[in-house]
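Student: I have a structure open in front of me and would like to learn how to read its features. Could you take me through some of them with care?

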Amino acid sequence: MDHAHYCREVEAHLRRKNDGHLIRIVGPSFERVLGWAAQGIPLKIACQGIDTYFVRYYAKGARRRPVQIGFCENDILDAFDAWRRAVGGASLAVRAGEIHA
């Protein structure tokens with residue numbers, strides 16, 4: 001998956017979680033998401049991190065405004081770390097969401 005497609009998919013998932021509110025991933029946010037793709041964070045794991053953030057966000061009560069992708073970064077990185085530990089990250093090369101043993 002190329003990086004532009006990765007960013008579009010993350011943006012689409014965030015839009016769905018924001019109940020249709022479109023928060024564009026541009027500028028520093030775009031660079032952040034490109035960094036995740038370059039680190040080899042699979043799209044599924046990035047979406048899992050976004051979902052984790054929203055679980056906490058909804059638990060706080062009524063929503064006030066759409067969530068920006070930067071707010072989800074720590075949860076995405078935590079999900080990636082957990083995923084790497086689960087698949088034996090030290091022995092795998094991860095590139096653009098694909099696992100090569």
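Tutor: Let us begin with a cut-off for helix pairs: angles under 35 degrees count as roughly parallel. Please keep in mind throughout that this is a predicted model.

Student: How are α2 and α4 oriented with respect to each other?

Tutor: Two packed helices are described by the angle between their axes and by the distance between those axes. Here the axes of helix α2 (residues 28–39) and helix α4 (residues 73–86) come within 12 Å and cross at roughly 5°, and α2 and α4 are therefore roughly parallel to each other.

Student: Which residues make the contact between α2 and α4?

Tutor: From α2 come Arg32, Trp36 and Gln39, while α4 contributes Glu73, Ile76, Leu77 and Phe80. Sorted by class, the residues of this contact are four nonpolar, one polar and two charged.

Student: Is His13 buried or exposed?

Tutor: His13, which sits in helix α1 (residues 3–17), counts as buried because its relative accessibility is 11%, and buried means under 20%. Leaving aside residues up to four places away in sequence, His13 touches Cys47, Ile50 and Asp51.

Student: How much space lies in the largest pocket, and which residues line it?

Tutor: Rolling a probe the size of a water molecule over the atoms shows where empty space is left. In this model the largest pocket holds about 210 Å³ of space, and its lining includes Tyr53, Tyr57, Lys60, Arg63 and Phe71. By class, that lining has six nonpolar, one polar and four charged residues.

Technical notes
Residues numbered from 1 in each chain as written. Predicted model: local features only at pLDDT ≥ 70, side-chain atom pairs only at ≥ 80, totals over all residues. Heavy atoms only, no water. 1 Å grid on protein atoms, 1.4 Å probe; cavity = no way out; pocket = protein on both sides within 12 Å on 5 of 7 lines; lining within 4 Å. Points joined across faces, edges and corners; volume = space filled by probe spheres on them. Nonpolar A, V, L, I, M, F, W, Y, C, P; charged D, E, K, R; others polar. Helix = DSSP H or I, 4+ residues; strand = E, 2+ residues; numbered from the N terminus. Buried < 20%, exposed > 50% of the residue type's maximum accessible area, 1.4 Å probe, protein only. Contact = heavy atoms within 4.5 Å. Axes fitted to C-alpha atoms, helices over the stretch in contact; angles between N-to-C directions. Parallel < 35°, antiparallel > 145°, perpendicular 65-115°, else oblique.
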